[in-house]
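The following exercises concern helix geometry, burial and residue contacts. Each task is followed by a solution in steps.

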Amino acid sequence: MRRAAVFIATGLALVWSGWVWSAPLQAGNVVGNPGFEQADGRLPAVWLAQNLGNGEIALDATVHAGGSRSLRLTPNGRNVRPDQPLGVGQQIRLSGLGGRRLAFHAAIRTGGGAAASLLIFAVAANGRFVGSANLRQSEPTPGFITKGGTLTLDSATDSIIVACSVSGTSGYAWFDDVSAGLEEVDAAPAGNRADNPQAVPVASIAIDAGQVIRAIPRTLYGANIEWIYDGHGVWDRASARLQPGLVRQAREMGVGLVRFPGGVLADYYHWKDGIGPLRDRPEIPFVVAPGRRSNSFGTDELISFCRSIGAEPLLQANLVTGTANEAADWVTFTNNKGRPEGYRVRYWDLGNEQYMKHPNPETARSYMTVRDYVSKVQEFAVAMKRRDPGIHLGAVGGTNFGNYKIVEDENWNRTVLAKTASLVDFISIHDGYAPVVMEQKDVSFEDVYRALLAFPVLLAENLKKVNRDIEQYAPRDAARLRIGITEWGPLFAFGPTSPWVGHTKTLGSALFAASVLQTLFRADRVDLAAFFQLISQNNFSGWIDEAGSPKATAFALEMFTRHFGESLVRSSVESPSFATRAVGVVAPVAAVPYIDATASLSADGSRLFVMVVNKHFASKIRTSVHVEGFTTRSGRSWVLTAGSLDANNGNDLPNLPGVKWAAPAHAPHGSMFDAGAADTVSIRPGAEVANAAKDFQFEFPPMSVTSIELTRR
C-alpha cells in the first residue's frame, strides 16, 4: 500500500512517501537491503531518498564494512535545515509489539565535518508518532564504527521507520550493515539461536602487529592489601610466616603491584606501629571495624610478600593523622634501611580519596578541602623527595562523570594539577568501581549485568577527560605525568541487606574485570592499576578467598598475565552492540559493542595474542580476524567461561556474628549462583586455530574471555 506520513521528533520533521512493507515478528534483522548491496539505478533498492537537493546519495564500492558496498551521503551547502536532512529511509510494518524492545545498530563512518544519524521512529496505525531514537556520530572516524541502541515500543506501534541521514554542508557519511529487530533475551539458555547459522551475530577484528602502541607494564596487574586481620590472612601470626597457599595463588595470578596499607585505613596508619618484634608492636584500632590488634603485617612483611610473588610495593603516606616527617622517615626506612640496596620502594600514594565525605564518623577526618589537600601534598612531597629524589609520588585526583559522583569539589582535578603537578609523578584516581547498585529495586538481573559490562565504555571516556585535564591544567608537566587507577573492581553493594553484595565473585564480574583491563591498556598515560582487593577475609570483595582459592575475577587477571603478551599492538573492532539503562553509578549507554578485543606480541615477537571478551549473554559471535605484520599458520586458544553469568567458584560471604545475608539475586534462566564449586569458572583449553593465515574466522562463546595465541611462521 502507498502512503505518506509526517513524523515529528525532537524538532525533526521527516516526510516519507513510498511502499510500506511487512516483516515477521522476530529478533533477527527486519531491514530490507541492510548492507546496500542491491541497487535501483544509482540509489539503494528498498530505501527511499529524502531531500536529494541537499547533496548526493550514492553506493560506494571502495568503502564498506561488510559485503561489497556501503551507502555514501555527501551533503552540500543546502543541507542546513535540521528538519530536512539528506538521507534515506524505509518503513516496515511490525504489529503486536507493545512493551517489547527494538534493538538496532549500524556501521557508520564520517569525515570532513559531516555528522551521521541513524534514526528510528515508532509509528501508530493512524500515523501518530509514538517513539523515536537518534544515534548520532559527530566526530570523524578513521574507519567504520558500530553504533546501536534499543527502543521500547508503545502498544500502539504499527510500524517503524529506519532512516540514515547526514547533517552539515561538507564531508561524507557512510552507512553499512543496518539492523533492526526485537531485542534478543540475553539470559536465555545458550544452546539456542546460535545453532542457526543465519542467527549468529557477526563481528570483525583487524590487527596490525607491525604497529606497537606501547609496552604493557606489569604494574597494571596490581592489587590492594590492607594491614588489618594480618594482611587479610597473608601473614600467619602463629607460625610467623607468609601463608604459602596465598603466596602461591598471588604468584600464579601474576600480581605485579601491591598497594598498602589502605584504602582509607592508610589515613590512620603509622608505619612504626608495624615494625620490629611482634611482641613490641602496640595494639591499634581497626578504624573501619570494631576491635584493635597489633600490626603483624607491616612494612617488612609486605616487602617479603612482594618479593615472594615478584611484585612491586605501592605505599600510601598518611596525610590525615600523620606528618610529613613521619612519611619521609618511612622513605628512609624502606629505601636505605642500613644497607645500600634497601627495599627500593618506587611508588607512593599521597593519601586516599580526600575529595570524598565519609558517613562513618570514624573516618570523617579523611575528607579535606582541595585547598587543604594541596597544602599537604606540597609539604609531604618536598620532605619525601628530599630523602629519595627517585621515588614516584601520586596525588589524589578525580573527576565526576555521569552517575559516578564521588568528588565533592568539581574543581578538584584542576586545582590539584595546577598546584602540585611539578611535585608529583602521577595522578591516583578511583574511577573503576561498578555497578554499585546497592539496594535499587527497579532493576532486573539483566539490567544490572548489562550496566556492569557497559561501564568500561564510560571508564574510557573518563580517562580521556583526565588526560585532557592534565594537558590543560599542567601543560609544563603533561609530558611526564602518568595516571594510576589505584582502586577498581566489580562492586555491587556494601551491606548484608542487598541481594547483590555477593556478586563480585561471578563470571559476569570476571568479564567486567577483563574488559576494564583492556580499557586500561588502551588508555593514555595509565601505567599503574590495583584492583580492590586481593583477599576476602571478613569481607566480600577479594579476588582470592582466605584459603587461597581463586575466584572468577582471579582467572580474568590470569588470562592476561599468562595468555597475553608484553607489547600492545594496534587493533580495531566492528561489532554488533547493545544498549543499557541507568543502573547504580552506571549512566545509560546507547551502544556497547558485544566484542571487546586487544592484541599483543610476546617479548621476543614470536607469538601474537588476541584477547576477546564476548559480552553477549546467549550467543556465540562469529568473528572475522584480519592480521597484518605477522605471518602464521596455526594457533591455539584459552577460554574463561561457564554456563551462567552468576556462575562462581563457591560461597565466600563471611560468617559474622549477628550478620544475616540477604537472599542473593539469581539469573532468571539456568542460574548457577548457589551451585558454586572450585573450578566452576576457570581457564580451559579452547578450539585449535587451524589455517590461521592473514584472514581467518573464530567463534567466540557467549559470556567468555578468550585468548588466541598465534605462533609466527
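**Exercise 1.** In this predicted model, determine how many residues of helix H8 are buried, and state what span is expected for H8 at 1.5 Å a residue.

Solution. Helix H8 is mostly covered, with 15 of its 16 residues buried. The helix comprises residues 507-522. Its expected span at 1.5 Å a residue is 22 Å, and the reach from its first C-alpha to its last is 23 Å, which is close to that value.

**Exercise 2.** Establish what span helix H9 should have at 1.5 Å a residue, and which of its residues are buried.

Solution. Helix H9 covers residues 552-563, twelve residues that should span 16 Å at 1.5 Å a residue. Its end C-alpha atoms are 16 Å apart, so the expectation is met. Next, consider burial, for which the cut-off is under 20% relative accessible area. The buried residues of H9 are Ala-552, Thr-553, Ala-554, Phe-555, Ala-556, Leu-557, Glu-558, Met-559, Phe-560 and His-563. Because ten of the twelve residues of H9 are buried, the helix is largely enclosed by the rest of the structure.

**Exercise 3.** Classify the relative orientation of helices H4 and H5, and describe the residues that make their contact.

Solution. Two packed helices are described by the angle between their axes and the distance between the axes. For H4 (residues 324-335) and H5 (residues 370-387), the angle is about 25° and the axes are 8 Å apart. Angles under 35 degrees count as roughly parallel; H4 and H5 are therefore roughly parallel to each other. Their crossing is right-handed. On the H4 side, the contact is made by Ala-324, Asn-325, Ala-327, Ala-328, Asp-329, Val-331 and Thr-332. H5 contributes Glu-379, Phe-380, Ala-383, Met-384 and Arg-387. By class, this contact has seven nonpolar, two polar and three charged residues.

**Exercise 4.** Decide whether Thr-334 is buried or exposed, and identify its contacts beyond four places in sequence.

Solution. Thr-334 is found in helix H4. Its relative accessible area is 0%, so Thr-334 is buried. Leaving aside neighbours within four places in sequence, Thr-334 is in contact with Thr-299, Leu-315, Gly-342, Tyr-343, Arg-344, Val-345 and Trp-348.

**Exercise 5.** Locate Val-586 and characterise its surroundings.

Solution. Val-586 lies in the loop between strand S32 (577-580) and strand S33 (589-593). With a relative accessible area of 0%, Val-586 is buried. Not counting residues up to four places away in sequence, Val-586 touches Asn-403, Ala-434, Pro-435, Ala-451, Phe-455, Leu-458 and Arg-581. Finally, Val-586 and Tyr-404 are 182 residues apart in sequence, yet 6.8 Å apart in space, C-alpha to C-alpha.

Methods. Residues are numbered from 1 along each chain as its sequence is written. This is a predicted model: local features need pLDDT of at least 70, side-chain atom pairs count only at pLDDT 80 or more; totals for chains, interfaces and linings use all residues. Side-chain values use heavy atoms; hydrogens and water are left out. Axes are lines fitted to C-alpha atoms, for helices over the stretch in contact, and angles run from 0 to 180 degrees between N-to-C directions. Helices (H or I, at least four residues) and strands (E, at least two) are DSSP runs, numbered from the N terminus. Angles under 35 degrees count as roughly parallel, over 145 as roughly antiparallel, 65 to 115 as roughly perpendicular and the rest as oblique. A crossing is left-handed if the near helix is turned anticlockwise from the far one by less than a right angle, and right-handed if clockwise. Contact means heavy atoms within 4.5 Å. Ala, Val, Leu, Ile, Met, Phe, Trp, Tyr, Cys and Pro count as nonpolar, Asp, Glu, Lys and Arg as charged, and the others, Gly among them, as polar. Buried means under 20% relative accessible area, exposed over 50%, partly exposed in between (1.4 Å probe, protein chains only). The expected span of a helix is 1.5 Å times one less than its number of residues.
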